[in-house]
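Hi,

Here's the structure I said I'd pass on to you. Have a look at it first, then read my notes underneath.

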Amino acid sequence: MSKVFRCNVMMAGRKRKMPALKGAATPQPAEVSPAKLNKKCENPQSAETELSHHFINNDLQHRLEEDFFKQPCIRLAKAFLGKVLVRRCADGTELRGRIVETEAYLGGEDKASHSAGGKRTERTTAMFMKPGTIYVYPIYGIYLCMNVSSEGEGAAVLLRSMEPLQGQPVMRQLRTARRKEGARQLKDKELCNGPSKLCQALNIPRCFDRRDLASDPDVWLEREPDTNPAEPDDIVSAPRIGIESHGEWAKKPWRFYLRGHHCVSVVNKEAERQSGNVMNNLDPSDVQSDTGQHKVKRA
């Protein structure tokens, strides 16, 4: 089993060498050490001093700020679809992907949520923090999943799948480092088509837990310019995955994905056949989106 990537401190003011171009040939991506891509965990905002004026004014002009995250959980889970998640690594490398699948966990009476019943622990603290807070938790002891808090006590959205847009060679190296030696090369659509795969491909470490997606210098969300939000007919609403032991709560159609997208982790044909399925399976009293508070019926 490969070592879990550790977060390293990037020396301030360190100069980076630019690869020399030979003739008109396109430069090939160099091998990147996963350890060098990591960012320190302590005091993440200190890294803002390393961002150039050009970077802040240009590369971040499409960044989504805290107002975007101030939405009820289900609404935010759908609003994520089509947005671009960006991971800026310590060496300046940027990894980008379009979010194509999410799951909403409403907290409160949502028995499948880590914060069910208002349970607040050291692990779930991020779920109770302001909307836009990153919640990273381990599964099976070795993999990680990334969530983002929303409006609603203990509510958060799980980022399930993503379409790679930039940095695929680096993503492939990061994913390969966690696979058996000699395994076949991953296709682009396989790099981020699952919650733990997404964290591996974007090098999201555990120390990103409780960081603010609206202001963090190392990871943020963007709206693609000249791109309209996903239409209701483009969004499939289906039961969440991997929570079968929670009975009726496993049937709640709170997994959302872009219809027909090749990077979705699991396609639900039955849900896709339902006409206007986005909200048909939700009773109007299930979610009080106008107040930002979630009222979930008991199963």
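To start you off: which residues are buried in helix 5? They are Gln168, Val170, Met171, Arg172, Gln173, Leu174 and Arg175. Keep in mind that this is a predicted model. Helix 5 covers residues 168–176 and is mostly covered, with 7 of its 9 residues buried.

Next up, the nonpolar cores. The largest one has 53 residues, and the members that touch the most others are Phe80, Leu85, Met146, Leu213 and Leu221. Helix 4 (residues 73–79) supplies the largest share of this core, 5 residues. There's also a second, separate core of 12 residues, with Ala126, Phe128, Tyr135 and Ile243 among them.

Leu213 is worth clicking on. If you skip its neighbours within four places in sequence, Leu213 is in contact with Arg63, Phe69, Leu85, Gly132, Ile134, Met146, Val148, Val219, Trp220 and Leu221.

Last, the pocket I looked at. The second largest pocket has a volume of about 450 Å³. It is lined by 20 residues, and those closest to its centre are Tyr105, Tyr137, Ile241, Gly242 and Ile243. So that you can find your way around: strand 2 (94–105), strand 3 (134–139), strand 4 (143–149) and strand 5 (156–166) each give two or more residues to the lining. Strand 3 gives the most, with 3 residues. By type, the lining splits into 12 nonpolar, 5 polar and 3 charged residues. Ile243 turns up twice in these notes, in the second core and by the centre of this pocket.

Cheers

Methods
Residues numbered from 1 in each chain as written. Predicted model: local features only at pLDDT ≥ 70, side-chain atom pairs only at ≥ 80, totals over all residues. Heavy atoms only, no water. Buried < 20%, exposed > 50% of the residue type's maximum accessible area, 1.4 Å probe, protein only. Helix = DSSP H or I, 4+ residues; strand = E, 2+ residues; numbered from the N terminus. Core = buried A, V, L, I, M, F, W, Y, C linked by side-chain atoms within 4.5 Å. Contact = heavy atoms within 4.5 Å. 1 Å grid on protein atoms, 1.4 Å probe; cavity = no way out; pocket = protein on both sides within 12 Å on 5 of 7 lines; lining within 4 Å. Points joined across faces, edges and corners; volume = space filled by probe spheres on them. Nonpolar A, V, L, I, M, F, W, Y, C, P; charged D, E, K, R; others polar.
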